[in-house]
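Me: I should like a close look at a single part of this structure, namely the place where the ligand is held. Please describe what surrounds the ligand, and then follow the chain outward from there.

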Amino acid sequence: MIGDDVVDLDDPAIAAHHLRPRFLDRVLHPSERAALSATRSPKVFLWSLFAAKEATYKLVSKLGTPVIFAHAEFVVDDGFRSVRHRDVEAVLEIETDVARGFTHAVARTAGSSRYQRQVEAIPVGADASREARQALLRAMAAQLECAPSELIIERAPKPGSWDGFGPPRLLRHGVPTTVDVSLSHDGRFVSFAAQLW
Amino acid sequence: MDQQEVFTKVVGILKPFVKAPEALATVSMETSVLKDLKVNSARLVDVVLEIEDTFGIAVTDAQADSVKTVGDAVNLILAAKA
Ligand SMILES: CC(C)(COP(=O)(O)OP(=O)(O)OC[C@H]1O[C@@H](n2cnc3c(N)ncnc32)[C@H](O)[C@@H]1OP(=O)(O)O)[C@@H](O)C(=O)NCCC(=O)NCCS
């Protein structure tokens, strides 16, 4: 299973959260707070932690057991290599590009090595949800050596979830594939991650 | 504080975090915070903190997670203040 999350680091709305103790208390584990206070780039550090937690939430929510999104219970290790949530440990890989202005986290279950990830900038005013799907479809068509028109991404109805739908799935000729996918969008960026096998 | 007063205050709290401002024109108790107003997950934490400050209540992660609509938030606040 895989989950991903992108954060637009230049969004003015998140410029000062690393200075807000109540926000930090709410979303961080004490070990993460200690690490944050020792870093020279607290803003990038905070949002990389946040992206890691969101990516892992998306992964864990696909494992079957209902999960409450309590950010502080998703604990990122010191070196940004893994995230633990109760008895689940996810392998973490963070890509941060300060020049382009994003941080992107991918969380995967151990044992899965073949995966693809991507972050794309989108035009102002574009439909981010659609752009993220298009980027994923193009990449998966290349990967599976088929036409993009053979593939669709759907979110099946899931009563009780935040918007009534479950996580995204990749279908080929209307049949679910074994590729596990994740989508994210924030500000100027869209992203995806796909676990191929 | 009655339901209408809490509703008005909750909408005021949500306003700066809403990515679909046009949805505010028809906001009701049934409006979905994430789906209709498109408040993202990080902003949701800000909303929870604002609600705690404004109404002088504590909102647990489980309670926050159960809020899907504006009405859910209003009812949560009314129950905490009762
Ligand atoms: C899933 C969730 C983490 C999305 O986070 P976000 O930062 O707002 O949005 P992102 O752009 O990163 O991700 C959105 C994408 O995730 C995917 N997604 C939605 N639900 C998902 C789930 N349960 N598992 C995996 N992926 C999911 C969708 O493809 C969605 O994009 P789309 O709506 O365009 O199809 C979030 O909205 C959620 O479920 N929150 C639960 C409630 C909560 O946040 N509680 C905290 C209270 S303080």
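Reply: A residue is counted as near the ligand if one of its heavy atoms lies within 4 Å of it. In this model, which is predicted, 21 residues surround the ligand. The closest are A:Asp5, A:Lys58, A:Ser129, A:Ser184 and A:His185. The ligand itself lies between chains A and B.

Both chains supply elements to the shell. From chain A, α3 (42–60), α4 (128–144), β8 (165–172) and β10 (180–186) each give at least two residues; from chain B, α2 (41–55) and α3 (61–66) each do so as well. By character, the residues of the shell divide into nine nonpolar, six polar and six charged.

Several polar atoms of the protein can be placed beside oxygen atoms of the ligand. A side-chain N or O atom of A:Glu54 is 3.2 Å from an oxygen atom of the ligand. For A:Leu183, a backbone N or O atom lies 3.4 Å from a ligand oxygen. Chain B takes part through B:Ser41, where a polar backbone atom is 3.0 Å from an oxygen atom of the ligand. Taken alone, the ligand exposes 930 Å², and the protein buries 92% of that area.

Helix α3 of chain A, one of the elements named above, also contains A:Ser48. A residue counts as buried when its relative accessible area is under 20%; A:Ser48 is therefore buried, because its relative accessibility is 4%. Leaving aside residues up to four places away in sequence, A:Ser48 touches A:Phe80, A:Ile94, A:Thr96 and A:Thr103.

The last of these contacts leads to a sheet. Five strands of chain A form an open sheet in the order β1-β5-β4-β3-β2, with antiparallel pairing. The strands β1 (2–8) and β2 (75–76) stand at its edges with a single partner strand each, so one side of each has no neighbour in the sheet. In general, strands of a sheet pair through backbone hydrogen bonds. Strand β1 of chain A pairs with β5 (residues 102–109) in the antiparallel sense over seven bridges, and A:Val6 has A:His104 in β5 as its bridge partner.

Both members of that bridge are touched by A:Val119, a residue of strand β6 (residues 115–121) of chain A. Its other contacts, again without residues up to four places away in sequence, are A:Arg100, A:Phe102, A:Phe189, A:Val190 and A:Ser191. A:Val119 is buried, because its relative accessible area is 11%.

Note on methods:
Residues numbered from 1 in each chain as written. Chains lettered and ligands numbered in written order. Predicted model: local features only at pLDDT ≥ 70, side-chain atom pairs only at ≥ 80, totals over all residues. Heavy atoms only, no water. Polar contact = N/O pair within 3.5 Å; in protein donor to acceptor, adjacent residues only side chain to side chain. Areas by Shrake-Rupley, 256 points an atom, 1.4 Å probe, with all protein chains shown as cover. Helix = DSSP H or I, 4+ residues; strand = E, 2+ residues; numbered from the N terminus. Nonpolar A, V, L, I, M, F, W, Y, C, P; charged D, E, K, R; others polar. Buried < 20%, exposed > 50% of the residue type's maximum accessible area, 1.4 Å probe, protein only. Contact = heavy atoms within 4.5 Å. Pairing = 2+ DSSP bridges.
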